[in-house]
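Student: Please take a close look at one part of this model, the pocket, and then place it in the rest of the chain.

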Amino acid sequence: MDERMRKRIAQAKNVDRFMTILFSAIGGFFLIFILLLAGYIIVNGLMSYFPGVFSFTSKGIGNQLFNTIYLLFLSLLFSCLVGIPAGIYMAEYAKQGKVTEFLRMSIESLSSLPSIVIGLFGYLAFVLTFGATWNLLAGSLTVSILSIPLITTSTEDAIRALPRNFVEGSMALGSTHWYAIVHTLLPAALPRIGSGIILAAGRVFGEATALMYTSGMSTRIDWANWDLTSPLNALNPLRTGETLALHIWVMRSEAVDPNSAKIANFSAAILVIVVLLFSVIARRIVSNINKKQTGSAKK
C-alpha cells in the first residue's frame, strides 16, 4: 500500500470520526431539548394542580380527557381501515407508472397540507353537507385525513422493506397472494406499521385547529344517560366534544375562570403524559405481538 493510499484512508477515517461526533452531538442536543421541554411542561403542569381539576364538570378536565381518547379511537379506526389497505395496494398491487407516481405524490402532498385547510374541508364535507352541527364523528373523520397518508406510507415502506422471498415462499407452498399478504407480510411488517400508527396518534393528540371547525369547542355529557341517541351520551359520536388540545387554547385565550391558567398548564401536562403512556403501551403491544409471530416470546 503506497503513501497516497494511506493518506486517503486516514483522511476518510478522520471525516467518518468527525461526522459521527457531529451527528451524535445533534442527536444528543435534540434529545436533551425534548427531555427538558417535556419535563418543564409536566412539572409546571403538575404544580398547577388544584382539587376538582379532574372532575367531570365545567370546572374540571375529565370530559375533555375522555373526548380526546374517544376521538383518537374513532380517528385511528377510520385511518387504519383506509391507510393500511392503501399501503398494501401501493406495495403489492399498483403497477409502476405515471398513475402510481401521481397517486404517491398526492398522498405525500396530502400529509403536508395545513391543518386549518383540512379543518375547513371537514367542516364543509362532514358538517354543512349533512346539515349537522359540530360533532366528534366529523372531527374524527377530519383528523383521519391527516393520519391516512402517514399510515399508508408506513405500511407501504414496511412491506417493501421485507425480502421478496417471504411472498414467493408462501405462494410456493400453495397460498394465494392475498393469503400470503395477510398471514406472512403483515405480521412481519407489524413493528414498522405500528410505528406509523403511533406517529399518527401523536398528531391526533395534538390537533386543535382542524377540530375547532368540526368537533366543536364545548362539551356536555350526562354520565347517567346511556341512551346512545341522546346528545348528552358520552359514547354518542354525533355530539360536540372539546379535546384537551382545544381546551388548552380556550383556557389561554378566551376563558374568564380565575383558574384558567392553572387548568391550561395542568391540561398540557396531562396531554404530554397521555401521549407518552400511549406510545409506551402501543409499542409494548406491538412488540409482544411480533414476538409471538416470530416465536421469540418467552414461555
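**The pocket and its surroundings**

Tutor: The largest pocket holds about 230 Å³ of space. This is a predicted model, and what follows describes that model.

The lining of the largest pocket consists of 16 residues. Those nearest the pocket centre are Thr 57, Ser 58, Lys 59, Gln 64 and His 247. By class, the lining has four nonpolar, eight polar and four charged residues. Two helices, helix 2 (62–93) and helix 9 (244–253), each contribute at least two residues to the lining of this pocket.

One of the residues nearest the pocket centre, Gln 64, also leads to Thr 243. Setting aside neighbours within four places in sequence, Thr 243 is in contact with Gln 64, Asn 67, Thr 68, Leu 71, Glu 207 and Leu 211. Thr 243 is located in the loop between helix 8 and helix 9. Its relative accessibility is 3%, so Thr 243 counts as buried, the cut-off for that class being under 20%.

Thr 243 also belongs to the lining of the largest cavity, together with Thr 68, Leu 71, Leu 72, Val 204, Phe 205 and Leu 211. A search of the whole structure for cavities of 30 Å³ or more returns one, and the volume of the largest cavity is about 30 Å³. Helix 2 and helix 7 each supply at least two residues of the cavity lining. Helix 2 gives the most, with three residues. The cavity lining is made up of five nonpolar and two polar residues, with no charged residues, whereas the lining of the largest pocket includes four charged residues. Helix 2 thus has a part in both linings: it supplies at least two residues to that of the pocket and three to that of the cavity.

Next, the aromatic residues. The whole structure contains nine aromatic pairs. One of them joins Phe 54 and Phe 266 in an edge-to-face arrangement, with 5.2 Å from centre to centre and 75° between the planes. Phe 54 sits in the loop between helix 1 (3–46) and helix 2, and Phe 266 sits in helix 10 (residues 260–294), so this pair ties together parts that lie 212 residues apart in sequence. The partners differ in accessibility class: Phe 54, at 43% relative accessibility, counts as partly exposed, while Phe 266, at 2%, counts as buried.

Phe 56 and Trp 223 form another edge-to-face pair, again with 5.2 Å centre to centre and 75° between the planes. Phe 56 lies in the loop between helix 1 and helix 2, and Trp 223 in the loop between helix 8 (209–212) and helix 9, so the pair links parts that are 167 residues apart in sequence. Phe 56 has a relative accessible area of 45% and is partly exposed. Trp 223 is partly exposed as well, with a relative accessible area of 31%. Both residues are members of one aromatic cluster, formed by Phe 56, Phe 66, Tyr 70 and Trp 223.

The nonpolar core comes next. In soluble globular proteins, nonpolar side chains tend to be buried together. The largest nonpolar core in this model has 43 residues, among which Ile 159, Ile 193 and Ile 270 touch the most other members. Helix 2, helix 5 (136–160), helix 7 (177–206), helix 9 and helix 10 each supply at least two residues of this core. Helix 7 provides the largest share, eleven residues. Both helices named for the pocket lining, helix 2 and helix 9, are therefore also among the contributors to the core. Apart from neighbours within four places in sequence, Ile 159 is in contact with Ile 88, Ala 91, Glu 92, Leu 185, Leu 186 and Ala 189.

Finally, the chain as a whole. The protein chain has ten helices and zero strands. Its C-alpha trace spans about 80 × 50 × 50 Å along the principal axes. Of the 299 residues in the chain, 38% are buried. Among contacts between residues at least 6 apart in sequence, 75% join residues at least 24 apart.

Terms used
Residues are numbered from 1 along each chain as its sequence is written. This is a predicted model: local features need pLDDT of at least 70, side-chain atom pairs count only at pLDDT 80 or more; totals for chains, interfaces and linings use all residues. Side-chain values use heavy atoms; hydrogens and water are left out. On a 1 Å grid over the protein atoms alone, a cavity is a set of points where a 1.4 Å probe fits but cannot get out, and a pocket is an open set with protein on both sides within 12 Å along at least five of seven lines; lining residues have an atom within 4 Å of a point. Grid points are joined across faces, edges and corners, and a volume is the space filled by probe spheres set on the points. Helices (H or I, at least four residues) and strands (E, at least two) are DSSP runs, numbered from the N terminus. Ala, Val, Leu, Ile, Met, Phe, Trp, Tyr, Cys and Pro count as nonpolar, Asp, Glu, Lys and Arg as charged, and the others, Gly among them, as polar. Rings of Phe, Tyr and Trp (its six-membered ring) pair if their centres lie within 6.5 Å; planes under 30 degrees apart count as stacked, over 60 as edge-to-face and the rest as tilted. Buried means under 20% relative accessible area, exposed over 50%, partly exposed in between (1.4 Å probe, protein chains only). A nonpolar core is a set of buried Ala, Val, Leu, Ile, Met, Phe, Trp, Tyr and Cys residues joined through side-chain atoms within 4.5 Å. Contact means heavy atoms within 4.5 Å.
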